[in-house]
Amino acid sequence: MTLAKEGITSRQKIHKLNEDISLYKKQYIDCKYELRDTQSAYAALRRRCEPFLQALKYFPQFAKGFAEKIADLLEHREAQQKKEREEAKRNPHRASARRQDDQDLER
């Protein structure tokens with residue numbers, strides 16, 4: 001009788017372990033594809049940045065100045081966007097008119 005109980009218990013354990021194996025296989029495959037996608041994105045970014053990396057290697061001061069200028073421009077742009085959002089909260093009608101004017105200028 002004890003052997004029968006052990007057999008039933010063992011079958012349950014085996015079934016649970018097989019489920020775990022299936023789960024881990026799926027997670028492995030998901031991670032494998034995610035890693036491949038990340039590696040591809042990294043390679044594409046590396047190709048796009050190659051001119052800057054070369055400049056950094058041969059002309060470090062120039063590249064540093066360029067990066068600082070870009071950072072300043074981005075900071076200025078973010079500050080301007082923040083100011084526009086705050087103004088839009090205070091006066092929604094005026095902000096929507098300004099957005100419409102900006103869209104007209106873009107066309």
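Here are a few friendly notes on this predicted model, from the overall fold down to single side chains.

1. Overall layout. The chain contains 3 helices and 0 strands, so reading from the N terminus the order of elements is simply α-α-α.

2. Burial and surface. Of the 107 residues in the chain, 4% are buried. The exposed area of the chain comes to about 10400 Å², and 58% of that is supplied by carbon and sulfur atoms.

3. The aromatic pair. How many aromatic pairs does the chain have? The count is 1 aromatic pair. Its partners are phenylalanine 52 and phenylalanine 66, whose ring centres lie 6.2 Å apart. Their planes meet at 40 degrees, which falls between the 30 and 60 degree cut-offs, so the pair is classed as tilted.

4. What the pair connects. Phenylalanine 52 belongs to helix α1 (residues 2-58), while phenylalanine 66 sits in helix α2. The pair therefore ties together parts that are 14 residues apart in sequence. Are these two rings buried or exposed? Phenylalanine 52 is partly exposed, at a relative accessible area of 31%, and phenylalanine 66 is also partly exposed, at 45%.

5. A charged patch. You may like to colour the surface by charge here: Glu68, Asp72, Glu75 and Glu78 gather in a patch of negative charge on the surface. One of them, glutamate 68, is found in helix α2, which spans residues 60-90. Glutamate 68 has a relative accessible area of 43%, so this residue counts as partly exposed; that value also passes the patch requirement of over 30%.

Notes:
Residues numbered from 1 in each chain as written. Predicted model: local features only at pLDDT ≥ 70, side-chain atom pairs only at ≥ 80, totals over all residues. Heavy atoms only, no water. Patch = residues over 30% accessible without salt bridge, like charges linked within 9 Å, V, L, I, M, F, W, Y side chains within 5 Å. Areas by Shrake-Rupley, 256 points an atom, 1.4 Å probe, with all protein chains shown as cover. Salt bridge = Lys/Arg side-chain N within 4 Å of Asp/Glu carboxyl O. Lys, Arg positive; Asp, Glu negative; His and termini not counted. Charge placed at Lys NZ, Arg CZ, Asp CG, Glu CD. Helix = DSSP H or I, 4+ residues; strand = E, 2+ residues; numbered from the N terminus. Buried < 20%, exposed > 50% of the residue type's maximum accessible area, 1.4 Å probe, protein only. Phe/Tyr/Trp six-rings, centres within 6.5 Å; stacked < 30°, edge-to-face > 60°.
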